[in-house]
Amino acid sequence: MTTGEVPDTAKVERLNENLQKVEQLSERLVKVLSNKRQIDPNLQGPGQDLFVKASTAYWNEWLHNPSKVFEQQVSYWGKTVKHFLEAQEALASGKLEVPPDSTPKDPRFQNELWETHPYFNYVKQHYLMTSQAIEDAVDKVEGLEPRDRKRLEYFTKQIVDMMAPTNFLGTNPEALERAVETEGESLVKGLENLVRDIEANRGEVLVTLADKDAFTVGENIATTPGEVVFRNRMFELIQYTPTTETVHATPLIIFPPWINKFYVMDLKEKNSLIKWIVDQGFTLFVVSWVNPDVSYVDVGMDEYVTEGYLTAVDEVKKITGEKKVNVVGYCIAGTTLSLTLGLMKKRKDTSIKSATFFTTLTDFSDQGEVGVFLDEDFVGGIEREVDREGYLDSFFMSRTFSFLRSNDLIYRPAIRSYMMGESPPAFDLLYWNGDGTNLPAKMVVEYLRGLCQEDKLAKGEFEICGEMPRLSDISIPVCAIACETDHIAAWRSSFRGVAQMGSKSKTFILSESGHIAGIINPPSKGKYGHYTNDVDMSSVSGPDEWRESADFHQGSWWPRWGEWLSKQSGKQVPARQPGDSSHPSLCPAPGTYVLPAEKGEEEPEK
């Protein structure tokens, strides 16, 4: 036996230990799957009508233009047969070589064996050829409505991506190499990871993206100093401790989306938007929404406006003694802010001095990529789910947003976790991404049907607190930041909504990158740039014309927005410490509503 060689007895013992683990894990897997939650079929995939429409259109092509379809099939057959013959010739040479490879580069196939090993190269080439053939076939189907075509293309791509050879152990060289290197240990660890995720999601697979033990909210994430100075059943109001001797007189309130938790804006000091705002000399308040349970079943958009927005504005005015405040709304909170501003206009309430919108949709006529999940099949499934449960579990929103970037947020993480046996990384943004929130039953239906599906806000037909505000009612100065590759709030749709607002002072900034990275883009990184245009938004035909004549600026948009906000925020006054005599500190930031339920120190007031 050479030095360092593991004795055969030790190998046998380790094999037996692994077999015992597999047996135990299998028992756990069977148990959790036997108690798997019942999910509406329409929340598992598109309705059958989409496939019927696609099949009908395709067979109609066969009947009326058979040569076109036959040409597609012959082209595909020709490529695959040629590839097969070339692979056979390479093998017949007696050398371990691959045939010519003209397939495009794909980040999923980075392991060198995809390029050098005949088996893996054959599988890769055939998959990419087939993928392209399917894409071409779908692209050339005629007779579909644009919305149906978009959904067909999206869900076809989902199936094609799911079937990638990298997603299967037998055709993933990297996973097989790891299994050999670890003598199967990686597969046992992978099974442990899989069972853990299935148990955590009541029988459904939702891959854990980040190490849940690497971060503790309030300790090494969301640590900007501040105090909770107000609390009701809907939110905690955090006032942040100033870092400058003087501050602008007009305070700022940020309303984050209640689909996620607010601390995406305060992940760590170097990329914290919250800390940056405080350091610029603004008195900053942030709303931390409650994570609702079944007791919030009847909470709708009215309650978010009255017990959320209007209450927060009133409390900030009391604490600071100011008659007006500036506000920010992010994503769905920006949509609701626009409703609130319209409502306040009708009530002649002038408490808001200016408004900023981060990645906000107010015109839903073009829903962007997320629109594939806003047809009646999915929305009907959600409505039935919340009718049964009383709220929408965070699982559904997490899974939906993950499927919008499935290769990055599902398949690659699943390969690392389940086939490679790796532990999730300690990544703050992915940790936040997995720290989801529930949605109240009434609110989610009102939002999905009235705003997303029926576009009632842009039409002036959405009732809020007894009024029907219009976008033209928003007359205060506004600044909107949209993101170029945003898959949730498409920038062109965001532009169209802002263009309809009645304000005579509108600033539109287009940031590079997506829904999160385009917003959480600190100047210190110098990573993503942004576009501006001084033309009147109403003077251009639409977002594309605005974009064509826009100026590009290197670096973050934060300083540009900071300059704009300074002009809306008045003179300098002595810095304000959190709270006052009638608003004592209830607890330090980031508060209790943002914590996991088992760690929260306070229960929501009912």
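**A mixed sheet and its helices**

Three bridges join strand β4 (residues 252–255) to strand β5 (residues 284–289), and the two run parallel. Helices (H or I, at least four residues) and strands (E, at least two) are DSSP runs numbered from the N terminus; two strands pair if DSSP finds at least two bridges between them. The model is predicted: local features need pLDDT of at least 70 and side-chain atom pairs pLDDT 80 or more, while totals for chains, interfaces and linings use all residues. Residues are numbered from 1 along each chain as its sequence is written, and side-chain values use heavy atoms, leaving out hydrogens and water.

Within the β4–β5 pair, I254 stands opposite V286 of β5. The chain passes from β4 through helix α9 (residues 273–279) to β5, and this β-α-β crossover is right-handed (with the strands pointing away from the viewer, the path from the first strand over the helix to the second runs clockwise). β4 is also joined to strand β6 (residues 325–330) by four bridges, again in parallel. There, F255 has G329 as its bridge partner. In a regular strand the side chains alternate between the two faces of the sheet. In β4, L252 and I254 point one way, and I253 and F255 point the other way. All four are buried (under 20% relative accessible area; exposed is over 50%, partly exposed in between; 1.4 Å probe, protein chains only).

These strands belong to an open sheet of 11 strands. The order is β13-β12-β11-β10-β7-β6-β4-β5-β2-β1-β15, with mixed pairing. β13 (551–553) and β15 (587–588) stand at the edges, each with a single partner strand, so one side of each has no neighbour in the sheet. Strand β11 (residues 506–511) and strand β12 (residues 530–532) pair in the antiparallel sense over two bridges. L510 has Y531 of β12 as its bridge partner.

Helices pack on this sheet. α11 lies across β4, β6 and β7 (352–358), and runs at about 155 degrees to β7. α18 touches β10 (478–483) and β11, and its direction makes about 175 degrees with that of β11. Contact means heavy atoms within 4.5 Å. Axes are lines fitted to C-alpha atoms, for helices over the stretch in contact, and angles run from 0 to 180 degrees between N-to-C directions.

S493 lies in α18 (residues 491–499). S493 is buried, at 1% relative accessible area. Beyond four places in sequence, S493 touches L361, D363 and D366. V228, in strand β1 (residues 226–231), is buried too, at 0% relative accessibility. V228 and V287 are 59 residues apart in sequence, yet 9.6 Å apart in space, C-alpha to C-alpha.

Two helix pairs were examined. The axes of α11 (residues 332–346) and α16 (residues 441–453) come within 13 Å and cross at roughly 75 degrees. The two helices are therefore roughly perpendicular (65 to 115 degrees; under 35 is roughly parallel, over 145 roughly antiparallel, the rest oblique). I332, T335 and L339 of α11 meet M443, Y447 and L451 of α16. The contact holds five nonpolar residues, one polar and no charged (Ala, Val, Leu, Ile, Met, Phe, Trp, Tyr, Cys and Pro are nonpolar; Asp, Glu, Lys and Arg charged; the others, Gly among them, polar).

Helix α2 (residues 48–64) and helix α6 (residues 146–162) pack at about 100 degrees, their axes 10 Å apart. α2 is thus roughly perpendicular to α6. L50, K53 and A54 of α2 meet D148, R151, L152 and F155 of α6. This contact divides into four nonpolar, no polar and three charged residues.
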